[in-house]
Amino acid sequence: MTMETVGAYEAKMHLPKLLDRVARGENLTITRHGKPVAQLVPVATDRKRAQEALDRIAELRQHIKLAPLVELMAMTHEGHRY
């Protein structure tokens, strides 16, 4: 995702307008002499952060091959004496 860049002077002069844009979901990079120095991004709500974490977990699970239950049980009891 690309972020719009805003110079430090412009950010200083128009901070309330920039904050309104960020509140609407935009991400902005603030530059000084053409080099990025800061980012303005919306604060994620707890619900949004939780959903993002669940989405990442679901994506990771697609790449994991689970062992059959019989193998898991055997590994649990491996090395135990009866």
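User: What share of the contacts between residues at least 6 apart in sequence joins residues at least 24 apart in the protein chain?

Analyst: In this predicted model, 27% of the contacts in the protein chain between residues at least 6 apart in sequence join residues at least 24 apart, where a contact means heavy atoms within 4.5 Å.

User: What makes the protein chain more spread out than a compact globule?

Analyst: From the N terminus on, the elements run β-α-α-β-β-α-α, which amounts to four helices and three strands. The radius of gyration of the protein chain is 24 Å, and since the globule rule gives 12 Å for 82 residues, the value lies well over that figure and the chain is therefore more spread out than a compact globule. The C-alpha atoms, taken along the principal axes, fill a box of roughly 75 × 25 × 20 Å.

User: How many of the residues count as buried, and what is the accessible surface of the protein chain?

Analyst: Buried means under 20% relative accessible area, and 13% of the 82 residues of the protein chain count as such. The accessible surface comes to about 7600 Å², with 58% of this belonging to carbon and sulfur atoms.

User: Why is the pair Glu4 and Arg21 called a salt bridge?

Analyst: The criterion asks for a side-chain nitrogen of Lys or Arg within 4 Å of a carboxyl oxygen of Asp or Glu, and the closest N and O atoms of Glu4 and Arg21 are 2.5 Å apart, so the pair satisfies the salt-bridge cut-off. Because Glu4 lies in strand β1 (residues 4-7) and Arg21 in helix α2 (residues 15-23), the pair ties together parts that are 17 residues apart in sequence.

User: How do you know that Glu4, Arg21 and Glu26 are linked in a network?

Analyst: The side chains of Glu26 and Arg21 also meet in a salt bridge, at 2.9 Å from N to O, and with the bridge between Glu4 and Arg21 this links Glu4, Arg21 and Glu26 in a network of salt bridges. The count by this rule comes to two salt bridges. Not counting residues up to four places away in sequence, Arg21 touches Glu4, Glu26 and Leu28.

User: Why are Glu4 and Glu26 called partly exposed rather than buried or exposed?

Analyst: Partly exposed covers what lies between the buried limit of under 20% and the exposed limit of over 50% relative accessible area. Glu4 has a relative accessible area of 41% and is therefore partly exposed, while Glu26, with a relative accessible area of 29%, is likewise partly exposed.

Key:
Residues are numbered from 1 along each chain as its sequence is written. This is a predicted model: local features need pLDDT of at least 70, side-chain atom pairs count only at pLDDT 80 or more; totals for chains, interfaces and linings use all residues. Side-chain values use heavy atoms; hydrogens and water are left out. Helices (H or I, at least four residues) and strands (E, at least two) are DSSP runs, numbered from the N terminus. The radius of gyration is taken over C-alpha atoms; the globule rule is 2.2 Å times the number of residues to the power 0.38. Buried means under 20% relative accessible area, exposed over 50%, partly exposed in between (1.4 Å probe, protein chains only). Accessible areas come from the Shrake-Rupley method with a 1.4 Å probe; for residues, only the protein chains shown count as cover.
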